[in-house]
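Open the structure in your viewer and keep the selection panel at hand. Each stop below gives something to select and says what is there.

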Amino acid sequence: MISFALSLVALVLGYFLYGRLIERVFGPDDRPTPAVSKADGVDYIVLPGWKIFMIQFLNIAGTGPIFGAIMGAWFGPVAYLWIVLGCIFAGAVHDFLSGMLSVRHGGAGLPELVGRYLGRTTKNVMLVFSVLLLMMVGVVFVYSPAIIMETLWGTKTAWIIGIFVYYIIATMLPIDKIIGKIYPLFAFSLLFMAAALLVGLFVKMPQLPELWTDMGSYTAAHQSQWLGTDSFMAKNPLFPCLFITIACGAISGFHATQSPLMARCMKSERQGRPIFYGAMITEGMVALIWATASMYFFYYGGWREVVSADTVNAFMSQADGGKTLVQFFDAPTVVKEICSGWLGLFGGILALLGVVAAPITSGDTAFRSARLIVAEALKLEQRSIRKRLYICIPMFAAAILLLAWQMENPNGFNVIWQYFGWSNQTMSVFTLWTITVYLVQQRKPFIVTLIPALFMTVVCSTFLLISQQAFGLHPTIAYTGSVVVLVVALVWFFAWYRKQNKITK
């Protein structure tokens, strides 16, 4: 519990200390924001600061910091380091500066920002890349809630249709009509659930792995307990798989597509640190809590405390057949069992909101972001419903086809999710390099994003080389290739930097 407590304190200090430093690097001022200068009553609307924070938090979170942290617990207490350091020095910096860059450029979406600083070709790549990613998010977050709700009432098909109808309505309507009214409530439920679990952890004070005692020893002792195989780390090496698995709790490129939604609703640039940097730090705290609860749940038998005797017996009978804990308790089940076991009936309701409402709300803002990105690329104003339909009809038609393929293929969900994970982190690479170029051109301390940009470039390239879903190269070759990528990136950047300095002199 000491590592966990210190990690929580580090995140809070990171907001007040490093967050303020990053705010000074950017330099917010009193110029009119897009919500004021481009108000249209649909997407550009001034909203209260607290409401923007709650919407931003829910937009970037969904179930990401929950499911990702649960799966990230596979790697043991080293997950604490990635959540804390990744969140403070990479994720929150990424979210704050991408959001503020959007504010400074009239609420521009990510592809427009990328094109402005990395060139037209990169912009076109990012345009296709981001729209496909956002559609994958929307489709994934239709199917998983429908499966869960099917177990309670109705049919999966009926729930899919219902969720899609909601998506269409929420994507089309002004942002203050649905999103501005119900999102703060869902965000509060996620925060309350995390706070209740935090209290539960400190009341129980369970034995938990510590960074200084279990960093290197957990692998052999605990993998066979619940992963069921000693070859897990060989198939999923800590580098780079940990940094892909825990995305939303540390750094996520998806956030850069969501921040412009709130950049269009801010009354003042000075709201940026609590809204963008603060929401990411809050998400990191949620991820930290769920990673800790999951380590207790799996490593130290916490699952026996929260599930019924019938469930224990059911697992034991399946364990004899070779089924492991991680196969028996997938991420949504872990959420349900922990919340209902620790928090009772009320906790079960919160868990339902977490695993059903949160992904749905992330899905509809994903489609909304896709609509605005396409509209920006086509120079198509979105004040009129008719012009919103020009984009929404083909977009939702394509999403339905992708969903149909996912439903027809038994492994379709996993395939889409795997590609989403890598694509998500790759998008953060584009965003970090965009911000780095901006800081160089503005003669500001670019080192704050250069290091995260280089690190995530190596993470994504290594995953592409080593993953069985991509090239599947031998680890030695893959890691050698990642070193080559790092050297090329450094040489390329500093060659451009030298040229840039000559131009500006």
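Start with the empty space. On a 1 Å grid over the protein atoms alone, a cavity is a set of points where a 1.4 Å probe fits but cannot get out; a pocket is an open set with protein on both sides within 12 Å along at least five of seven lines; lining residues have an atom within 4 Å of a point. Grid points are joined across faces, edges and corners, and a volume is the space filled by probe spheres set on the points. By that rule the structure holds two cavities of 30 Å³ or more.

This is a predicted model: local features need pLDDT of at least 70, side-chain atom pairs count only at pLDDT 80 or more, and totals for chains, interfaces and linings use all residues. Numbering runs from 1 along each chain as its sequence is written, and side-chain values use heavy atoms, with hydrogens and water left out.

**Whole chain**

Show the cartoon. You should see 24 helices and zero strands. Helices (H or I, at least four residues) and strands (E, at least two) are DSSP runs, numbered from the N terminus. Now colour by burial. Buried means under 20% relative accessible area, exposed over 50%, partly exposed in between (1.4 Å probe, protein chains only). Buried residues make up 57% of the 505 in the chain.

Switch to the surface. The accessible area of the chain is about 20,300 Å², and carbon and sulfur atoms hold 67% of it. Areas come from the Shrake-Rupley method with a 1.4 Å probe; for residues, only the protein chains shown count as cover. For contacts, the cut-off is heavy atoms within 4.5 Å. Among contacts between residues at least 6 apart in sequence, 82% join residues at least 24 apart.

**Stop 1: the largest cavity**

Select Gly109, Leu110, Thr257, Pro260, Arg264, Ser369, Leu372 and Ile373, which line the largest cavity. Its volume is about 40 Å³. Helix 15 and helix 20 (331-378) are the elements that give two or more residues to this lining. Helix 20 gives the largest share, three residues.

Stay on helix 15 and pick Gln258. Is Gln258 buried or exposed? Gln258 counts as buried because its relative accessible area is 0%. Beyond its neighbours within four places in sequence, Gln258 is in contact with Gln56, Asn59, Ile60, Leu134, Thr365, Ala366 and Ser369.

**Stop 2: the second largest pocket**

This pocket holds about 720 Å³ of space. Of its 19 lining residues, select the closest to the centre: Leu118, Val429, Trp433, Ala489 and Trp492. Then show helix 7 (110-118), helix 22 (412-441), helix 23 (447-466) and helix 24 (475-504), each supplying at least two lining residues.

**Stop 3: Phe129**

Go to helix 8 (residues 120-150) and select Phe129. Which residues does Phe129 touch, not counting those up to four places away in sequence? They are Trp422, Ser423, Thr426 and Met427. Measure from Phe129 to Ser423: the C-alpha atoms are 8.1 Å apart, across 294 residues of sequence.

**Stop 4: salt bridges**

A salt bridge here is a side-chain nitrogen of Lys or Arg within 4 Å of a carboxyl oxygen of Asp or Glu. The whole structure has ten.

Select Glu23 and Arg273. Their closest N and O atoms are 3.3 Å apart, in a salt bridge. Glu23 sits in helix 2 and Arg273 in helix 16 (residues 272-299), 250 residues apart. Both Glu23 and Arg273 are buried.

Next, select Arg31 and Asp29. Their side chains meet in a salt bridge at 2.7 Å, N to O. Arg31 counts as partly exposed because its relative accessibility is 41%. Asp29, at 22%, is also partly exposed.

Add Glu269 and Arg104, a salt bridge with its closest N and O atoms 2.7 Å apart. Glu269 is in the loop between helix 15 (255-263) and helix 16, while Arg104 is in helix 6 (residues 78-104), 165 residues away. Glu269 is buried, with a relative accessible area of 1%. Salt bridges that share partners join Asp29, Arg31, Arg104 and Glu269 into one network.

**Stop 5: a nonpolar patch**

Finish on the surface with Val9, Val12, Leu13, Phe16 and Leu17, which make a nonpolar patch of about 460 Å². Patches are made of residues with over 30% relative accessible area and no salt bridge: like charges are joined within 9 Å, nonpolar side chains (Val, Leu, Ile, Met, Phe, Trp, Tyr) within 5 Å. Leu17 lies in the loop between helix 1 (2-16) and helix 2 (18-26). Leu17 counts as exposed because its relative accessibility is 60%.
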